[in-house]
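The following account leads through a molecular structure, from a single helix outward to the chains that surround it. Please keep the sequence and the model in view while reading.

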Amino acid sequence: MKIGRSEIFAGRAFLCALMLLTVMPFISIFMTALYPSGTMPSGFGWPEHMQWGNFVEAFKVANMAKLLASSVFIVIEVVPIALVISTMAAFAIGLLRIPGSRALLALFVLGLTLPFAGIIVPLYYLERRIGIYNTPLAIGLPLIGLYMPFAVFWMRAHFVGMSTEISEAARLDGATTWDLFWRIHLPLARAPISSLGILMSVWTWNQFLIALVLVEDPSRRTMAGALGAFQGHYATNVPLLCAGTILILVPTLLIFILFQRQIIAALLQGAVKG
Amino acid sequence: MTSMTINTGARAAAAASRRTSHKRRVRREGFVGWLFVLPAFLMYATFELLPLLMSIQYSFLRWDGIGPMTWVGLKNYATVLEVPSLFGTIINAFKLVVFFSFVPVALGLIVASVMRRVAAGRLGSLSRTVLFLPQIIPLVAAGIIWGWLLAMPGLFNQVLRLVGLGGAARAWLGDFDWALPAVGIIGIWVLLGFCTVLLETGMSKIDPSLYESARIDGSGWLREFFSITVPLLRQEIGVCLTVTVIAALSAFDIVYVTTAGGPGYATAVPGIQIYILAFTEQRIGTASALAVLLMALVIIVILPIQRLSREDRV
């Protein structure tokens, strides 16, 4: 195909400008984080003396070590279980097409639209009643339930596209439903499962409202939940707040840089299949 | 004659037995299949469906969270619809839809098609990554970052002064008229990358020969965009709209850290008011009525989008 030179130039310039706009906010808080703690920085610009110590101070006051452990724990608690049970459900709904699968799917899809804010109040009282409020399970358990609509929907999209020929052939060889799931379809679903796992890890890490309401001690929340509390304490100390924000962003950004190929590849793979 | 009867009879019997065994297999598979769904369904029912029903129940009560519950019928709903500071949150939510949803989808379409035309190689994948970045950080962090950018000494006002518009500089998030659009800008920053990548993926599915024949006919970018790209991306556009509209109507994190609903009630959205009513004012009933209205609104808005984007597919 032929595209004019000027169009290529203009298009690329547009993309570069857009990338700059996207990245600028990150650069701005990074520079601000290097101003002396407790001062009011004068906006965008390098400070006279860079205060790398701000990061150390923020690490200490935000109780970052404990917070990291807590966030990792919650992710480990949520993601594997959510992956297994949602894949099983999607397998039954999308591939086995059990009786009532349409109604089940509709019920799960209903949850896809529910804002967390709509159910946070009863969730709080429910957790108090069953005794998991403010415990290590307070954030994880509800998140597993709340991820089900998306997870089942996502995995079902994979299973619905699978041909039933493989299953029928295996059936003739005497495979049970569990064999069919565990030996044949689970390995074939590796790509959508791993993208779903990454998505749910990031969502858990970034979860705010659930963490804010269901766990009192900020250092026992997820990263985002703690950041909210940190902001409450250090709203006036802008350099320290920016340093803390960057520290909390680092793990997320690292994971994204490591797995971005996989995320984007998974998205594109889905496109090729369709 | 006899042999024929036997033959037919045997065939019929065989067919019948095949039918029953098939039926039995389906029934057994149904049972086992249900076991597969059970764990997911139980978690979903406990932590989402049950709270949903509890929300509806609470919305008919007057309750401070500790004392006795009093049945008040529809009074909480009347309160939400009558008190301006509560009903206003719903209006604000719809204003946010423009920023969170319409702008990212429209802009995303343009950016994605530019990407496909001029940046097939490394620039394309770099820009996908960079634009996607705001989507993966916590919304709270996005709020804090932009809270500083939009503050009086922040970058935004600095740029304004640089281009000679210093008179317009203000604390954007503290301004009665500008706070809501300022929150909206944060939403655009967060959601544009998501929409772009999703739409771009959709565009890669479109048969390139369509574009080739359009180019042979001499149609330009604009024509190509509106007569091929947009109609064929209906489904992806539907997904983008659904996700972003839900994000707008249920916004909480960004508003909580940037303005907490202020100044006054300028940026109060349903999520924020539910939180304040329930956890600082102890008005569980009113909070739940607002919550139920919010959930109903989301469904009412989403359904037509779904219907439109699915038409003449399947």
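**A buried helix and its surroundings**

In H5(B), the buried residues are B:Leu139, B:Val140, B:Ala141, B:Ala142, B:Gly143, B:Ile144, B:Ile145, B:Trp146, B:Gly147, B:Trp148 and B:Leu149. Helix H5(B) is thus mostly covered, with eleven of its eleven residues buried. The model under discussion is a predicted one.

Part of the surroundings of this helix comes from the partner chain. Helix H5 (residues 139-149) of chain B packs with helix H11 (residues 223-234) of chain A at an angle of about 30 degrees, and the two axes are 8 Å apart. Because angles under 35 degrees count as roughly parallel, H11(A) is roughly parallel to H5(B). On the H11(A) side the contact is made by A:Ala224, A:Leu227, A:Gly228 and A:Gln231, and on the H5(B) side by B:Val140, B:Ala141 and B:Ile144. Sorted by class, the contact of H11(A) with H5(B) comprises five nonpolar residues, two polar residues and no charged residues.

This helix pair joins the two chains, and the interface can now be taken as a whole. Chain A contributes 78 residues to the contact and chain B contributes 77 residues. Within the side of chain A that touches chain B, helix H1 (residues 5-32) of chain A gives the most, with 14 residues. That side of chain A divides into 57 nonpolar, 19 polar and two charged residues. For the complex, the predictor gives an ipTM of 0.86 and a pTM of 0.85.

Chain B itself has 13 helices and two strands. Of its 314 residues, 45% are buried. Among the contacts in chain B with a separation of 6 or more, 73% are accounted for by residues 24 or more positions apart. A helix pair within this chain offers another packing geometry: the axes of helix H2 (residues 75-82) of chain B and helix H13 (residues 284-310) of chain B come within 8 Å and cross at roughly 70 degrees. H2(B) is therefore roughly perpendicular to H13(B). Here B:Asn76, B:Tyr77, B:Thr79 and B:Val80 of H2(B) meet B:Gly285, B:Thr286, B:Ala289, B:Leu290 and B:Leu293 of H13(B). The residues of this contact of H2(B) with H13(B) fall into five nonpolar, four polar and no charged.

Chain A can be described by its domains. The domain assignment gives domain 1 (5-55) and domain 2 (63-235) of chain A. The centres of these two domains of chain A, taken over C-alpha atoms, are separated by 35 Å. A:Leu83 lies in helix H3 (residues 64-96) of chain A. Is A:Leu83 buried or partly exposed? A:Leu83 counts as partly exposed, because 19 C-beta neighbours lie inside 10 Å, whereas 20 or more are needed for a residue to be buried. Leaving aside neighbours within four places in sequence, A:Leu83 is in contact with A:Ile193, A:Leu196 and A:Gly197. The C-alpha atoms of A:Leu83 and A:Ser194 are separated by 8.9 Å, although these residues are 111 residues apart along the chain.

Confidence remains to be considered. Chain B averages a pLDDT of 84, and 89% of the residues score at least 70. In chain B, helix H12 (residues 270-279) has the highest confidence, at a mean of 93, while helix H1 (residues 2-58) has the lowest, at 72. Over residues 1-6 of chain B, pLDDT stays under 50, and the model has zero contacts for them beyond four places in sequence. Where pLDDT is low, the predicted coordinates should not be read in detail.

Methods: Residues are numbered from 1 along each chain as its sequence is written. Chains are lettered from A and ligands numbered from 1 in the order in which they are written. This is a predicted model: local features need pLDDT of at least 70, side-chain atom pairs count only at pLDDT 80 or more; totals for chains, interfaces and linings use all residues. Two residues are in contact if their C-beta atoms, placed from the backbone, lie within 7 Å. Helices (H or I, at least four residues) and strands (E, at least two) are DSSP runs, numbered from the N terminus. Ala, Val, Leu, Ile, Met, Phe, Trp, Tyr, Cys and Pro count as nonpolar, Asp, Glu, Lys and Arg as charged, and the others, Gly among them, as polar. A residue is buried if 20 or more other C-beta atoms lie within 10 Å of its own, exposed if 12 or fewer, and partly exposed in between; C-beta atoms are placed from the backbone. Axes are lines fitted to C-alpha atoms, for helices over the stretch in contact, and angles run from 0 to 180 degrees between N-to-C directions. Angles under 35 degrees count as roughly parallel, over 145 as roughly antiparallel, 65 to 115 as roughly perpendicular and the rest as oblique. pLDDT is the predictor's confidence in each residue, from 0 to 100. Domain bounds come from an automatic or database domain assignment.
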